[in-house]
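Here are a few exercises to work through with the model open in your viewer. Try each one before you read the solution.

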Amino acid sequence: MKIVETEQELRACYPVMKELRPHLPSEEAFVAQIMRQYEQHYRILAVWDEGEVVALAGYRYQENTVYGRFLYVDDLIAAEQHRSRRWGALLLAKLTVFAQEAQCARLVLDTGLTNVLAQRFYFREGLLPGALRFGKTLA
């Protein structure tokens, strides 16, 4: 498990991220977007197995008046053929350590209301719902 630092490592993350974010149009677009997000302190923590990315978490440190300083998990995914091997739990545990070391008050993530399997996983890992997020698409 390591923080992705190079473009080559980032490209290795694309197939796994594409499973979570199927709207990503291409590897090139993914790399460009993540490079922009890196400027906003976004990072990817990836699990490698035999030279291949099998799971990843995209995260960033944020601060607001709701939570104070917190670690926000943008993305959390294990490749379909590598699920049920506890990679997600391992990533969440490491992110929790990162958050504690950075003196964050919370670790926060969002999931879709219909994503029941993810919700079950988050409950099992000790994450509890704390809010209902509202939004609207702007054209």
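**Exercise 1. A salt bridge and its surroundings**

Is Asp110 buried, partly exposed or exposed, going by its relative accessibility? Then find the salt-bridge partner of Asp110 and say what the pair ties together.

Solution. Keep in mind that this is a predicted model.

- Step 1: Asp110 has 34% relative accessibility. Buried means under 20% and exposed means over 50%, so Asp110 counts as partly exposed.
- Step 2: look for the partner. The side chain of Asp110 meets that of Arg133 in a salt bridge, at 2.3 Å from N to O.
- Step 3: place both ends. Asp110 sits in the loop between E5 and H4, while Arg133 belongs to the segment after H4, so the salt bridge ties together parts that are 23 residues apart in sequence.
- Step 4: check Arg133 as well. With 61% relative accessibility, Arg133 counts as exposed.

**Exercise 2. From one pair to a network**

Which residue lies four residues from Glu7 in helix H1, and which residues are joined with Glu7 into one salt-bridge network?

Solution. Start with Glu7 and work outwards.

- Step 1: Glu7 forms a salt bridge with Arg11, and their closest N and O atoms are 2.7 Å apart.
- Step 2: both residues lie in helix H1 (residues 7-20), and their spacing of four residues is about one turn of the helix. Glu7 itself is partly exposed, at 42% relative accessibility.
- Step 3: Arg11 also forms a salt bridge with Glu28, with 2.8 Å between the closest N and O atoms. Since Arg11 is in helix H1 and Glu28 is in helix H2 (residues 27-38), this pair ties together parts that are 17 residues apart in sequence.
- Step 4: put it together. Salt bridges with shared partners join Glu7, Arg11, Glu27 and Glu28 into one network. A search of the whole structure turns up nine salt bridges.

**Exercise 3. Reading the sheet**

In what order do the five strands of the open sheet run, and is the pairing parallel, antiparallel or mixed?

Solution. Trace the sheet from one edge to the other.

- Step 1: the order is E1-E2-E3-E4-E5, and the pairing is mixed. The edge strands, each pairing on one side only, are E1 (2-3) and E5 (106-109).
- Step 2: take the antiparallel part. Strand E3 (residues 52-64) is joined to strand E4 (residues 68-78) by 10 bridges, and the two run antiparallel. They form a hairpin with three residues between them.
- Step 3: find the register of that hairpin. Asn64 has Gly68 in E4 as its bridge partner, and Glu63 stands opposite Arg69.
- Step 4: cross to the other side of E4. Four bridges join E4 to E5, and here the strands run parallel. Phe70 stands opposite Arg106 in E5.
- Step 5: ask how enclosed E4 is. Eight of its 11 residues are buried, so E4 is largely enclosed by the rest of the structure.
- Step 6: add a helix. Helix H3 (residues 87-101) lies across E1, E2 (43-49), E3, E4 and E5, at about 30 degrees to E3.

**Exercise 4. Two aromatic side chains**

Is Tyr122 buried or exposed, and is Phe134 buried or exposed?

Solution. Treat the two residues in turn.

- Step 1: Tyr122 lies in helix H4. Its relative accessibility is 11%, so Tyr122 counts as buried.
- Step 2: list the contacts. Leaving out residues up to four places away in sequence, Tyr122 touches Leu76, Leu92, Leu109, Thr111 and Leu127.
- Step 3: now Phe134, found in the segment after helix H4 (116-124). Phe134 has a relative accessible area of 72%, so it is exposed.
- Step 4: see what Phe134 belongs to. Together, Leu113, Leu132 and Phe134 make a nonpolar surface patch of about 420 Å².

**Exercise 5. Distances to check**

How far apart in space are the C-alpha atoms of Tyr122 and Arg43, and what separates those of Gly112 and Phe123?

Solution. Read off one pair, then the other.

- Step 1: Tyr122 and Arg43 are 21 Å apart from C-alpha to C-alpha, with their positions 79 residues apart in sequence.
- Step 2: Gly112 and Phe123 are 11 residues apart along the chain, and 14 Å separates their C-alpha atoms.
- Step 3: locate Gly112. This residue is in the loop between E5 and H4 and is partly exposed, with a relative accessible area of 37%.

Note on methods. Residues numbered from 1 in each chain as written. Predicted model: local features only at pLDDT ≥ 70, side-chain atom pairs only at ≥ 80, totals over all residues. Heavy atoms only, no water. Patch = residues over 30% accessible without salt bridge, like charges linked within 9 Å, V, L, I, M, F, W, Y side chains within 5 Å. Areas by Shrake-Rupley, 256 points an atom, 1.4 Å probe, with all protein chains shown as cover. Salt bridge = Lys/Arg side-chain N within 4 Å of Asp/Glu carboxyl O. Buried < 20%, exposed > 50% of the residue type's maximum accessible area, 1.4 Å probe, protein only. Pairing = 2+ DSSP bridges. Contact = heavy atoms within 4.5 Å. Axes fitted to C-alpha atoms, helices over the stretch in contact; angles between N-to-C directions.
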